[in-house]
Amino acid sequence: MKQKKSIKIISEYVQLIFGIILASIGLKAFLLPNGFLDGGVTGIALLVSSVLDINISLLLILFSIPFLILGFYTVSKRIVIKSIISILGLALFIHFENFSTITEDKLLISIFGGLFLGAGIGISIRNGSVLDGSEILGIYLNDKFGISIGQIILVFNVILFSITALILSAEIALYSILTYIVTAKVTDLIIEGFEDFIGVTIVSKKYEDVEIAIMQELGTGMTLYKGTRGLGSSGKTEDFDIIHIIVNRIDIKKMYRIVDKIDPKAFIIEFDVNTVKGGVLRHYLDKKKSKILPKV
């Protein structure tokens with residue numbers, strides 16, 4: 001048990017180092033030499049550095065301190081400690097790295113700078129750390145006032161990019177917004193995974209036929225809930241299965257076609273799923289043998 005725990009901790013910190021390296025490449029090789037910004041605390045540090053010519057590594061540490069103090073009271077101590085290590089590591093890598101300018105194309109700078117930075121931030125978050133304190137601020141205000149974290153970060157960055165447009169130029173602000181969008185999207189992909197899963201709940205009178213068709217034609221397992229159909233407290237009741245499945249977004253249209261073919265009046269609820277672990281996934285079904293999986 002101790003050995004597994006030690007291996008897990010080592011793996012987390014190795015991944016954190018990799019994330020720091022990617023983020024520092026995005027900053028030092030793309031954004032910094034061209035005066036582009038990102039959102040959050042990193043964006044503030046980049047803006048102040050470009051205006052006052054102060055070392056970006058020092059600014060990253062200084063501007064992160066208030067958010068880390070806030071995080072000490074709002075998130076776990078373990079996350080704060082790992083975040084301190086990550087931010088210090090990022091500052092050191094930026095300070096000592098020397099990259100030659102890869103490209104002068106502003107569009108490429110925005111896209112690839114955001115890509116590297118987003119990958120670094122995403123890997124760090126997946127391993128229980130943050131490279132940008134604005135997420136901690138979002139968590140705090142969400143707990144305090146019930147405002148969504150996404151809205152808080154959006155407002156934070158709207159203010160930042162508006163100041164950028166006034167102090168530097170509208171063009172830099174626009175390219176910085178593009179960088180932020182790429183960073184945010186790549187961060188989400190790293191955190192949630194590249195496969196986009198959809199959860200589906202199906203209520204149908206022909207539930208038995210639907211169950212068999214989904215397993216044979218779509219090739220996914222399912223969870224079944226027992227339900228009762230009726231009208232009011234004294235209405236006529238009937239027991240049936242409520243079908244719950246997880247499918248890749250690519251297969252969602254096919255799933256609808258399968259259900260519609262059997263029962264066009266079926267009641268279907270669709271919702272997003274961020275993480276899937278375990279269960280019977282598509283590649284476990286041997287379609288050649290028309291294998292019917294056991295009910296879960």
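**Charged and aromatic side-chain contacts**

At a relative accessibility of 39%, Phe 72 counts as partly exposed. This residue belongs to a predicted model, in which its ring takes part in two kinds of contact. With Tyr 73, Phe 72 forms an edge-to-face aromatic pair; the centres are 5.3 Å apart and the planes make an angle of 85°. The angle earns this name because planes over 60 degrees apart count as edge-to-face. Tyr 73, at 68% relative accessibility, counts as exposed. The ring of Phe 72 also meets a charge: the charged end of Lys 77 sits over this ring, 4.8 Å from its centre.

A pair of aromatic rings is described by the distance between the centres and the angle between the planes. In total, five aromatic pairs were counted in the model. One of them is formed by Phe 36 and Tyr 175 and is stacked, with 5.4 Å from centre to centre and 10° between the planes. This pair links distant parts of the chain, for Phe 36 lies in the loop between H1 and helix H2 (40–52), whereas Tyr 175 lies in helix H8, and the two residues are 139 residues apart. Their surroundings can be stated in terms of accessible area. Phe 36 has a relative accessible area of 3% and is therefore buried, the limit for this class being under 20%. Tyr 175, with a relative accessible area of 23%, is partly exposed. A further group of rings consists of Phe 30, Phe 112 and Phe 116, which form one aromatic cluster.

Contacts between oppositely charged side chains were examined next. The count comes to four salt bridges. In one of these, the side chains of Glu 12 and Lys 82 meet at a distance of 2.8 Å, N to O. Glu 12 is part of helix H1 (residues 2–34) and Lys 82 is part of helix H4 (residues 77–96), so this salt bridge ties together parts that are 70 residues apart in sequence. Glu 12 and Lys 82 are both buried. The contact does not stand alone, since salt bridges with shared partners join Glu 12, Arg 78 and Lys 82 into one network. Lys 82 has an aromatic contact as well: its charged end sits over the ring of Tyr 13, at 5.7 Å from the ring centre.

Another salt bridge is made by the side chains of Glu 171 and Lys 106, with an N to O distance of 2.9 Å. Here, too, distant parts of the chain are linked: Glu 171 is in helix H8 (residues 170–192) and Lys 106 is in helix H5 (residues 106–126), with their positions 65 residues apart. Glu 171 is partly exposed, its relative accessible area being 43%. Lys 106 has a relative accessibility of 35% and so also counts as partly exposed.

A salt bridge between strands is found as well. The side chains of Lys 226 and Asp 241 meet at 2.8 Å, N to O. Lys 226 belongs to strand S2 (residues 223–229) and Asp 241 to strand S3 (residues 238–248); the two are 15 residues apart, and the pair links distant parts of the chain. The partners fall into opposite classes of accessibility: Lys 226, at 74%, counts as exposed, while Asp 241, with a relative accessible area of 3%, is buried.

Conventions:
Residues are numbered from 1 along each chain as its sequence is written. This is a predicted model: local features need pLDDT of at least 70, side-chain atom pairs count only at pLDDT 80 or more; totals for chains, interfaces and linings use all residues. Side-chain values use heavy atoms; hydrogens and water are left out. Helices (H or I, at least four residues) and strands (E, at least two) are DSSP runs, numbered from the N terminus. Buried means under 20% relative accessible area, exposed over 50%, partly exposed in between (1.4 Å probe, protein chains only). Rings of Phe, Tyr and Trp (its six-membered ring) pair if their centres lie within 6.5 Å; planes under 30 degrees apart count as stacked, over 60 as edge-to-face and the rest as tilted. A charge sits over a ring if NZ of Lys or CZ of Arg is within 6 Å of the ring centre and within 35 degrees of the ring normal.
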